[in-house]
Amino acid sequence: MVITFPPPSRLHFKLFDRLPTVVPRRSRSELRPDLLSLRSSTLKLILTYLLTTPTPLVLRRDASTPASYRTDLVISVLLVNRRLYHLALPILYGANTFTTSSAATSYDFDAHLLATPGRLRAMIRSVELNINWGDRLWAKMPLVAAKLLELKGLKSLKLHIIVGGGEVESGEAIRTGMVTRRGRAEGEGFMALAMLKAEKKVLRELVEGLKGLRVFELKGFADGGFARNLEEWIARGRKG
């Protein structure tokens, strides 16, 4: 059987403020009956085409989400009927990477996860966060890490610590540079070291706690050696 898809230009559908979480009460299908009679495996191929994108999806839209934000996802397919809804949800949440609108709003990613129903959080397999929290990283990261640890099925986690301009570089090194920068009070150096130590502890426990993690990326962290060791440990299958 040959299935012909409409051209991509006709597949654009503006993402809802919130991804659908309610099961349709009754069928609203306008699809041909013979399409709905296809086997689930075939329908999953079609749904994968309609509901996945290489670009990370914003988990929850907020004030910083550009008004022009669009995806190539046909989210409305979830509202067709119950069968398609239950087939589509694991694809939508499990085959896409989720993020936030900006590096600043990633500060609230724990709240975004908390506002997502647990059964949907369980389907998430990939998260990518750009982080620009400055001195708040050591205090906020434990809260975000705690919610990430609840994503038992998470297989890919990418954390990019950035500077205001959006460059993935050692943004933390700029902050913790007070450790070696001359002219700073000695107390500031000790405080920076304590903050860095706390951040490393949280990150190590996060990676160790995500048992299903297969891909880990930590860019822009102050201690580059520590970041590489964590990345390589996951890449080796937690060996060594």
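Phe109 is found in helix α4, where helices (H or I, at least four residues) and strands (E, at least two) are DSSP runs, numbered from the N terminus. The model is predicted: local features need pLDDT of at least 70, side-chain atom pairs count only at pLDDT 80 or more, and totals for chains, interfaces and linings use all residues. Residues are numbered from 1 along each chain as its sequence is written, and side-chain values use heavy atoms, with hydrogens and water left out.

**Helix α4**

Phe109 has a relative accessible area of 0% and is therefore buried; the term buried means under 20% relative accessible area, exposed means over 50%, and partly exposed lies in between (1.4 Å probe, protein chains only). Contact is defined as heavy atoms within 4.5 Å. When residues up to four places away in sequence are not counted, Phe109 touches Leu59, Thr99, Thr100, Val127, Leu129 and Leu148. Although Phe109 and Val144 are 35 residues apart in sequence, their C-alpha atoms are 6.5 Å apart in space.

His112 also belongs to helix α4, which covers residues 109-114. With a relative accessibility of 10%, His112 counts as buried. Beyond residues up to four places away in sequence, the contacts of His112 are Leu59, Arg60, Asp62, Thr100 and Thr105.

**Salt bridges**

A salt bridge is a side-chain nitrogen of Lys or Arg within 4 Å of a carboxyl oxygen of Asp or Glu. By this rule, the count comes to seven salt bridges. Three of the pairs are listed below.

| Pair | Closest N and O atoms |
|---|---|
| Asp110 and Lys140 | 3.2 Å |
| Lys200 and Asp223 | 3.0 Å |
| Lys219 and Glu231 | 3.7 Å |

Asp110 forms a salt bridge with Lys140. This pair links distant parts of the chain, since Asp110 lies in helix α4 and Lys140 in helix α6 (residues 137-148), 30 residues apart. Asp110 is buried, because its relative accessible area is 13%. Lys140 is likewise buried, with a relative accessible area of 8%.

In the second pair, Lys200 forms a salt bridge with Asp223. Here too distant parts of the chain are linked: Lys200 is in helix α8 (residues 186-209), whereas Asp223 is in the loop between β5 (215-219) and α9 (224-235), 23 residues apart. At 24% relative accessibility, Asp223 counts as partly exposed.

In the third pair, Lys219 forms a salt bridge with Glu231. Lys219 lies in strand β5 and Glu231 in helix α9, so this salt bridge ties together parts that are 12 residues apart in sequence. Lys219 counts as partly exposed because its relative accessibility is 33%, while Glu231 is buried at a relative accessible area of 16%.

Salt bridges also link Arg121, Lys147 and Glu150 in a network.

**The sheet**

Strands of a sheet pair through backbone hydrogen bonds, either parallel or antiparallel. In the present model, five strands form an open sheet in the order β1-β2-β3-β4-β5, and the pairing is parallel. The edges are occupied by β1 (57-58) and β5, each with a single partner strand, so one side of each is left without a neighbour in the sheet. Two strands pair if DSSP finds at least two bridges between them. Strand β4 (residues 156-161) pairs with β5 in the parallel sense over five bridges. The bridge partner of Lys158 in β5 is Glu217.
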